[in-house]
Amino acid sequence: MTKLLPPPGMPGSLQARLIERSRALEQPRDFWKGRIFPAPLMPQNILVFTRTSRKELFLGNASRSLHHRYVLITAVKGEGTMGIDTRMYNLCEGQSILVHPFQAHWYERLRRASSLCWVFVTFEHDPDERLDVLRDVGALSGNQNGGQLDGFLSAWQDEASRDLVPLRLAEWLLTLGRTARGVRRPGRAGRARATSQEQIVADVNRYVFEHRAGSISLAAVAARLGMSSSLLRLRFRATTGLSVGRYIRELKLQYACELLHGTRLAIGEIAARCGYDTVFSFSRAFRRTYRMAPTAYRQKAHRSPRRN
């Protein structure tokens with residue numbers, strides 16, 4: 001004889017709350033016309049990883065990263081200071097910070113580094129003002145931040161819940177966006193996009209990233225930004241304290257450092273990827289900046305190489 005299962009029930013407190021909410025609903029005036037919502041955020045090409053040591057973070061300006069992806073960083077344990085373009089931010093336990101595409105970023109100081117646990121979520125997304133609100137606002141926290149990360153990691157690590165990963169990340173980003181709107185400093189309220197000076201740095205970063213394997217001239221960068229070379233030179237130095245030429249050279253060499261750290265690529269291949277015609281010219285520029293040859297830099301890194 002088949003044993004009948006008891007009918008599913010509902011906790012009394014939940015039932016009472018649902019009844020209250022249901023009775024508060026208004027009857028539609030038009031059963032053919034619903035509420036229209038904006039297209040949802042839908043992050044794609046998502047990667048998730050953890051950093052647990054100073055070596056893995058590549059502390060210092062020599063390890064500056066620059067690429068086309070968003071990077072959401074959450075300090076689960078351990079605190080530190082990181083730079084994004086021309087600004088420095090503290091990242092404390094329980095806080096998250098979003099780096100936008102083509103924003104150069106690096107890590108300066110760590111506190112409680114012996115027990116470090118920072119979670120990195122990188123993804124791609126079309127430009128969206130709901131993400132712009134998170135630009136250059138620093139680290140954010142809230143009562144829900146830890147729970148959002150927990151829910152996201154739960155979906156990421158559960159094969160049956162993988163379809164929920166973009167939705168969980170989108171919900172997390174929107175929650176951070178609401179927090180960002182509430183903590184903006186006076187005078188910046190309602191402004192989501194970067195200032196004109198900050199945008200110049202971001203645009204230069206984008207151009208260097210897209211053309212890093214070739215020769216980059218000041219005139220070409222200025223033309224891309226729609227201004228004269230002299231005006232670009234003046235505005236860029238006022239914002240960063242550096243000349244455009246020096247900044248471009250540093251970005252190229254910082255990209256070389258990333259390749260030396262994280263790949264098995266030959267020195268000649270790295271030189272070509274960074275826009276140098278010969279290994280000699282690349283090694284000379286690298287030695288002038290870092291006071292060591294590229295091979296010595298790679299050996300000093302003492303980290304397991306990643307796959308290309």
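A disulfide is taken here as a pair of cysteine sulfur atoms within 2.5 Å. By this criterion the structure holds 0 disulfides, and the sulfur of Cys274 is 8.9 Å from the closest cysteine sulfur, that of Cys257, which is too far for a bond. The model is a predicted one, in which local features need pLDDT of at least 70 and side-chain atom pairs count only at pLDDT 80 or more, while totals for chains, interfaces and linings use all residues. Residues are numbered from 1 along each chain as its sequence is written, and side-chain values use heavy atoms, with hydrogens and water left out.

With helices (H or I, at least four residues) and strands (E, at least two) defined as DSSP runs numbered from the N terminus, the chain contains 12 helices and 7 strands. Of its 308 residues, 42% count as buried, where buried means under 20% relative accessible area, exposed over 50% and partly exposed in between, for a 1.4 Å probe and protein chains only. Contact is defined as heavy atoms within 4.5 Å; among contacts in the chain between residues at least 6 apart in sequence, 71% join residues at least 24 apart.

Two strands are regarded as paired if DSSP finds at least two bridges between them. An open sheet of 4 strands, with antiparallel pairing, follows the order E1-E7-E2-E5. Strand E1 (44–51) and strand E5 (96–99) stand at the edges with a single partner strand each, so that one side of each is left without a neighbour in the sheet. Neighbouring strands of this sheet are turned by 15° against each other on average, direction ignored; axes are lines fitted to C-alpha atoms, for helices over the stretch in contact, and angles run from 0 to 180 degrees between N-to-C directions.

Strand E7 (residues 117–124) pairs in the antiparallel sense with strand E2 (residues 70–77) over 7 bridges, and with E1, again in the antiparallel sense, over 6 bridges. In the pairing with E7, Ile73 stands opposite Phe120 and Lys77 stands opposite Cys117, whereas the bridge partner of Val48 in E7 is Val121. E7 is mostly covered, 6 of its 8 residues being buried. Cys117, at 25% relative accessibility, counts as partly exposed, while Cys274, at 0%, counts as buried.

Helix H4 (residues 145–157) lies across E1, E2, E5 and E7 and runs at about 110° to E1. The expected span of a helix is 1.5 Å times one less than its number of residues; for the 13 residues of H4 this should give 18 Å, and the end C-alpha atoms are 18 Å apart, which agrees. The buried residues of H4 are Asn145, Gln148, Leu149, Gly151, Phe152 and Ala155. Seen down the axis of H4, these buried residues fall within an arc of 165°, so they line one face of the helix, the arc being that of the directions from the helix axis to the C-beta atoms. The face of H4 turned away from its buried side carries the exposed residues Asp150 and Gln157.

A corresponding description applies to helix H11 (residues 279–290), whose 12 residues should span 16 Å and whose end C-alpha atoms are 16 Å apart, in agreement. In H11, the residues Ser281, Phe282, Ser283, Ala285, Phe286 and Tyr290 are buried. H11 is followed by Arg291, for which phi is positive, near 60°.
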